[in-house]
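Trainee: Could you take a close look with me at one part of this protein? I would like to follow the salt bridges and see what surrounds them.

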Amino acid sequence: QVQLVESGGGLVQPGGSLRLSCAASGTIFTVRAMGWYRQAPGKERELVATITALGSTNYAGSVKGRFTISRDNAKNTMWLQMNSLKPEDTVVYYCNAYVRASAAPIWSDYWGQGTQVTVSS
């Protein structure tokens, strides 16, 4: 079984910064893409940023230039550095990983439990 554990959410003032972390643990053979998504109440989950095992990144237009995604493949850990935060960034953030849990070529999506980010003065 694979677990994703997020941390780093909280309350911050507009213009401030937060850094989210996501650590994957359990039976892991290799991790392909990892990403951050967010979901507001009553809305669909949306992509924030993704990063491949080789380090290629992709960002939603609303966060480009403000957020930076990174990862450490050896530690199966991913981060999201969020700068210049805005009130509209207030939502629950989820980490995602596309994982191969054994030598068998079977890949599965895993999700963290979510971490709340609140941007408010």
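Mentor: Happy to; here is a walk through the salt bridges and then the loops beside them. Keep in mind that this is a predicted model.

The count comes to three salt bridges, and Arg38, Glu46, Arg66 and Asp89 are linked by such bridges into a network. Let's start with Asp89, which sits in the loop between strand 8 (77-82) and strand 9 (91-100). Its relative accessibility is 1%, so Asp89 counts as buried, the cut-off being under 20%.

One partner of Asp89 is Arg38, and their side chains meet in a salt bridge with an N to O distance of 3.0 Å. This pair links distant parts of the chain, since Arg38 belongs to strand 4 while Asp89 is in the loop between strand 8 and strand 9, 51 residues apart. Both Asp89 and Arg38 are buried; for Arg38 the relative accessibility is 6%.

Another partner of Asp89 is Arg66, with a salt bridge of 2.8 Å, N to O. Here too distant parts of the chain are linked: Arg66 is in the loop between strand 6 (57-59) and strand 7, and 23 residues separate the pair. Arg66 has a relative accessible area of 11% and is therefore buried.

The remaining bridge joins Glu46 to Arg38, where the closest N and O atoms are 2.8 Å apart. Glu46 is partly exposed, at a relative accessible area of 38%.

What else does Asp89 touch, leaving aside neighbours within four places in sequence? Its contacts include Phe67, Ser84, Val117 and Val119, along with Arg38 and Arg66.

Ser84 deserves a second glance. Ser84 is found in the loop between strand 8 and strand 9, and its phi is near 50 degrees, a positive value in a residue other than glycine. Most residues other than glycine have a negative phi. Ser84 is partly exposed, with a relative accessible area of 41%. Asn76 likewise has a positive phi of about 50 degrees without being a glycine. Asn76 lies in the loop between strand 7 (67-72) and strand 8, and is buried at a relative accessible area of 18%.

Finally, Arg38 has a contact with Glu44. You will find Glu44 in the loop between strand 4 (30-39) and strand 5 (46-51). Glu44 is exposed, with 71% relative accessibility, whereas Asp89 is buried at 1%.

Conventions
Residues numbered from 1 in each chain as written. Predicted model: local features only at pLDDT ≥ 70, side-chain atom pairs only at ≥ 80, totals over all residues. Heavy atoms only, no water. Helix = DSSP H or I, 4+ residues; strand = E, 2+ residues; numbered from the N terminus. Buried < 20%, exposed > 50% of the residue type's maximum accessible area, 1.4 Å probe, protein only. Contact = heavy atoms within 4.5 Å. Salt bridge = Lys/Arg side-chain N within 4 Å of Asp/Glu carboxyl O.
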